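Biologist: Could you take me through this model, beginning with the contacts of one residue and then turning to the cores and the place where the chains meet?

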Amino acid sequence: MSEIENQLKKEKERLDEVKAPDELNERLRKALEQTPPRRKNKAPKWLAVAAALIALTFVSYNYNAFAYYGKKLLGYDELMTETLAQLNEQGSGQAIEKKVMLSDGTELYLDGLLTDENQTILYYTVKNSKGLLEDTRFDVIRGVWTKAFATYGTFSMNEDGTEVKGIQGFDAVSPFAKELTLEFSYNESSEQREITFPYNPKQAMQTELKQSIHKKVHVDQGTIRFDSITATPSRTTIKGKVNVDNFDRIDLGVMGIQLLADGKPIDWTGGSSKSALFGQDIEIYYDRLPKEVNTLEIDVDKFVGYQKLNETIALTGETEQTEKIFGKELLIRKVEKTTEGIQVTLATDQNVLLDGVSIQSKGNSTPLHTTLRSDILERENGELNNERVLLFKSDELPETLSIEGMHYAKSYGNHIQLIGKKEKR
Amino acid sequence: MKTVRLVKKAKKGNKEALLQLINEQQDAYYRLALSYMGNPHDAMDAMEDMIVSLYHSIPQLKKEESFYSWSKTILVNRCKKLSQKQNKIVLMENADESLDEALKISEGTNSFKQTEQRLDLKGMLAMLSSDQREAIELHYFHDLELQAIADMTNVPIGTVKSRIFQGLKKMRDQFGGEWHE
């Protein structure tokens, strides 16, 4: 190294002493927080359309543009629910049979599409003989009056990692769409693509039952309103609205609302809730209705409720103190003094949230300051427990623990009759 | 590799990952910005510009592992644009004084000889053309690769090599005989 370079190196070592001001980090964070989220698709629209057109030209050259399938799709057996398997067996749905080549040589095949008023289901295959390294993510299906967002999906990969078969659900598409465009992204969203294919709305499966309900059920802290039921071959959907103050205090959601056909519950397959004006809009999903239904009813079996307790428990100071309050088990795992205050570790049934908890010592009551942790733990007997660590701003070990009330999964048992007489399909 | 993992996250729009990436080399970024902007205030402004710009353009970064040289290129471009906007020409020697300012606080024990040599070095750098000086400083003081410097200064890599070579040669020729250890 020359003398000059040596001097430059020394100077660098000296300059390296300069450190960024402490405020820099905060300023960068603020600058970034104020930045609006970036637009998803950076390329101009015409470019995407041009790309899709070119892709389409190749694709249509290789394939018959469109065919209905009266045959069943192969290879999806392990992914399909019983209902979907039956529909596939019957040849419901339509074939797409389109192929897209992705930048790294991976091929995406759109095999078939199953549509009805409740949802859209896409059957697809991804192949690459060199192995599949990146994920394909489906975003939305567009078309006339259609913007169907992806909902749930499931897939399985073969043993050598060269082929994935998958099922992807979307919202329902409009019966006026004659052509659908699927937007998807590949390789951590670095590749945004779309593919357009013809669609025949007449091939959509017929809705089997659709009726409005307009019934309300009163629960402890509000009301549940059921608006409509739509039963199609792929799913049964109940829509409604929840206006209940403590709806989200426990994790139960709408899981405890059952749909009974001839007295037997239909499998609950999912639910969603999104906030709306005065409450939450809810959708509850069940499996397909049986072929013949004599009676159909909604049963609010379990839903969040509130119980006033006003209980005071004497703390024994032992570990694992067990109490029963209102038939529910309460485990007091630990009461300890820390530098921050008094920490109390409690475990309850998964669907119980205590309300108005305070501790008392020497005649003084200290309300809950904050909850430090909340974990779902499995107990030896297989039951799920919710363990929470509560912090109280006090430095005296408490003699008693007071609880004003609790939110819990309450058995209501309200019934709404939807079909009382014999109904044939 | 941690960097690659963070870059992938940042590409998906994860702001926290981007912050963490910058954090890892925060001082290096700051020194680079300071050498162009001349004062801490403008240097931090340039870095704010940079992080916003990175957030929007990171999906276009093809090679995750070259995040740092790529982002520093963006920083230098932001610095140049900002100083143009402020309509002031920052000479590298002035900028170095700001680095010196920053140093004075941390550096208490500075022998007379060291100071003298430093003045020599600064005098020598001042003799160079601004292009040569920029290339040498980026390479030796900020540890940047030749390709990154080429990207920052918008010239082919060969030009960068020759600027550094010619610059060093000039320094040796002018002052070669005056070095006394």
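Biologist: Leaving aside neighbours within four places in sequence, which residues is Val304(A) in contact with?

Modeller: This is a predicted model, in which local features need pLDDT of at least 70, side-chain atom pairs count only at pLDDT 80 or more, and totals for chains, interfaces and linings use all residues. Residues are numbered from 1 along each chain as its sequence is written, while chains are lettered from A and ligands numbered from 1 in the order in which they are written. Taking contact as C-beta atoms, placed from the backbone, within 7 Å, the partners of Val304(A) are Val244(A), Asn246(A), Phe247(A), Arg249(A), Ile250(A), Leu252(A), His407(A), Ala409(A) and Lys410(A).

Biologist: How many residues does chain B bring to the contact with chain A, and which helix supplies the largest share?

Modeller: Chain A gives 29 residues and chain B gives 37 residues. Helices here are DSSP runs (H or I, at least four residues), numbered from the N terminus, and among those of chain B that each supply at least two residues are α1 (2–11) and α4 (40–57). The largest share of that side of chain B, eight residues, is from α4(B).

Biologist: How do the residues on the side of chain B that touches chain A divide by character?

Modeller: Ala, Val, Leu, Ile, Met, Phe, Trp, Tyr, Cys and Pro count as nonpolar, Asp, Glu, Lys and Arg as charged, and the others, Gly among them, as polar. On that basis, this side of chain B has 21 nonpolar, six polar and ten charged residues.

Terms used
Contact = placed C-beta atoms within 7 Å.
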